[in-house]
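Got your viewer open and your mouse ready? Let's take a walk through this protein, one selection at a time.

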Amino acid sequence: MTTLLSVFVLTLTGGVFCQMPSQLAPFKVKVFAELGANATLPCYLVHKDTDSFAHVGIRVKWTKVAEDEALNEDVMLSMGFHQKTYGSFEDRVSLQEDDDTDASLIITDVSKEDGGVYRCEIINGMVDTIQEIALEVEDGTTDGVVFPYSPNTGRYDLTFQDAKQACLKQGSTVANYDQLFHAWRNGLDWCNAGWLEDGTVQYPITKPRAPCGGSNSSPGLRSYGRQNKMNRFDVFCYATELKGRFYWLVQPERLSFDEAVQACIDDGAEIAKVGHMYSAWKLEGYDRCDAGWLADGSVRYPISRPRKNCSPTEAAVRLVGFPNKKLKLYGVYCFKRA
């Protein structure tokens with residue numbers, strides 16, 4: 001009998017939680033690793049009443065799977081205390097062996113060529129475990145930024161179609177799962193649920209706490225699953241590298257919203273969008289402790305160097321709010337296209 005094991009990678013520390021599927025259907029786990037770092041591909045013996053994989057009669061085989069099975073690449077073979085590694089994996093792979101059921105593979109000094117699908121087989125002749133894992137290698141750089149967005153009407157007020165339009169109006173698109181996952185791995189923590197491109201609703205938590213899925217839960221992406229697209233939530237948007245210049249427009253006086261829009265036009269630019277500010281802040285390190293109007297009627301300021309009176313606890317784009325547009329209390333951020 002063959003058992004296929006499903007695993008979900010949920011934690012910042014690489015913790016893995018195993019769940020037996022209700023039917024024998026293949027499931028590919030996705031593991032992310034930075035270029036040059038180490039990666040652990042999870043694989044466990046399902047039935048604990050069988051011998052451990054360290055037993056001389058049990059064989060563990062790791063294979064890198066190609067689209068054409070005839071081109072599969074052997075990675076490692078282990079039987080009892082004897083282990084053999086192959087090809088480019090020689091002296092770079094080993095079994096984790098945290099306990100008698102653990103056949104997880106550790107790959108050191110991960111390269112781009114290591115990316116792909118791996119198959120783990122634990123074979124004892126009676127109950128075999130087979131699992132496939134996808135390794136995605138990231139180069140540690142990003143060409144975009146994920147940011148949470150809610151309109152001036154307040155939290156949880158966007159249908160799926162509203163969410164798509166809201167992101168477009170702010171110079172961005174609705175983020176996908178991989179983009180949100182990457183942002184979470186890089187520290188994004190946000191307790192409001194938002195739409196993603198695939199119609200699911202999720203939110204990223206790096207610091208578990210009672211109002212955000214429970215203080216005893218693990219860090220990860222909290223998911224409400226696929227929702228009725230007429231339901232209302234916030235949205236996670238994704239903005240790419242700027243094709244132009246984001247800047248604070250120096251003015252002798254504070255401006256109303258309409259005056260701010262006109263001031264940018266008079267300077268040969270447009271009033272900046274929220275996506276412009278996030279891109280400048282995250283990708284260019286833009287930092288200014290002056291609150292200014294943006295195109296959606298909000299007032300925000302970007303801080304990449306936390307300091308007293310300027311987001312002292314963390315680098316962030318700070319939201320002052322959506323004030324009365326007639327108030328002459330703020331400056332303006334502009335964007336000039338290249």
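Start by selecting F246 in this predicted model. Leaving aside residues up to four places away in sequence, F246 touches A272, H276, M277, A280, Y286, Y333, C334 and F335. Show those side chains too, and you have F246 with its neighbours on screen.

Now widen the view. F246 is among the residues with the most contacts inside the largest nonpolar core, along with V146, V235, W293, V332 and Y333. That core has 63 residues. Apart from it lies another core, this one of 25 residues; to find it, select M76, L105, C120 and I122, which are among its members.

Next, zoom out to the whole chain. You should be able to trace 4 helices and 24 strands. Of the 338 residues, 46% are buried. Look at contacts between residues at least 6 apart in sequence: 61% of them join residues at least 24 apart.

Next stop: helix α1, residues 160-169. Which of its residues are buried? Colour F160, A163, A166 and C167, and you have them. They sit on the same side of α1, because they cover an arc of only 115 degrees around the axis. Here's the background: an α-helix has 3.6 residues a turn, so residues three or four places apart point the same way. What do the buried residues of α1 pack against? Select β13 (144-149), β14 (173-174), β15 (194-195) and β18 (234-240) to see their partners. Before you leave, click on G171, just after α1, which takes a positive phi of about 70 degrees.

Time for some charges. There are 15 salt bridges to hunt for. Begin with R209 and D189, whose side chains meet at 2.6 Å, N to O. R209 is in the loop between β16 (200-205) and β17 (220-226), while D189 is in the loop between α2 (177-185) and β15, so this pair links parts of the chain 20 residues apart. R209 is partly exposed, at 27% relative accessible area, whereas D189 is buried, at 17%.

Then select D287, a buried residue with a relative accessible area of 17%. D287 forms a salt bridge with R305, with the closest N and O atoms 3.4 Å apart. D287 also forms one with R307, where that distance is 2.8 Å. D287 lies in the loop between α4 and β21 and R307 in the loop between β22 and β23, so the pair ties together parts 20 residues apart in sequence. R305 counts as exposed, at 52%, and R307 as partly exposed, at 27%.

For a last stop, pick K30, E136 and D178, which are linked in a network of salt bridges.

Key: Residues numbered from 1 in each chain as written. Predicted model: local features only at pLDDT ≥ 70, side-chain atom pairs only at ≥ 80, totals over all residues. Heavy atoms only, no water. Buried < 20%, exposed > 50% of the residue type's maximum accessible area, 1.4 Å probe, protein only. Helix = DSSP H or I, 4+ residues; strand = E, 2+ residues; numbered from the N terminus. Arc of directions from axis to C-beta. Contact = heavy atoms within 4.5 Å. Core = buried A, V, L, I, M, F, W, Y, C linked by side-chain atoms within 4.5 Å. Salt bridge = Lys/Arg side-chain N within 4 Å of Asp/Glu carboxyl O.
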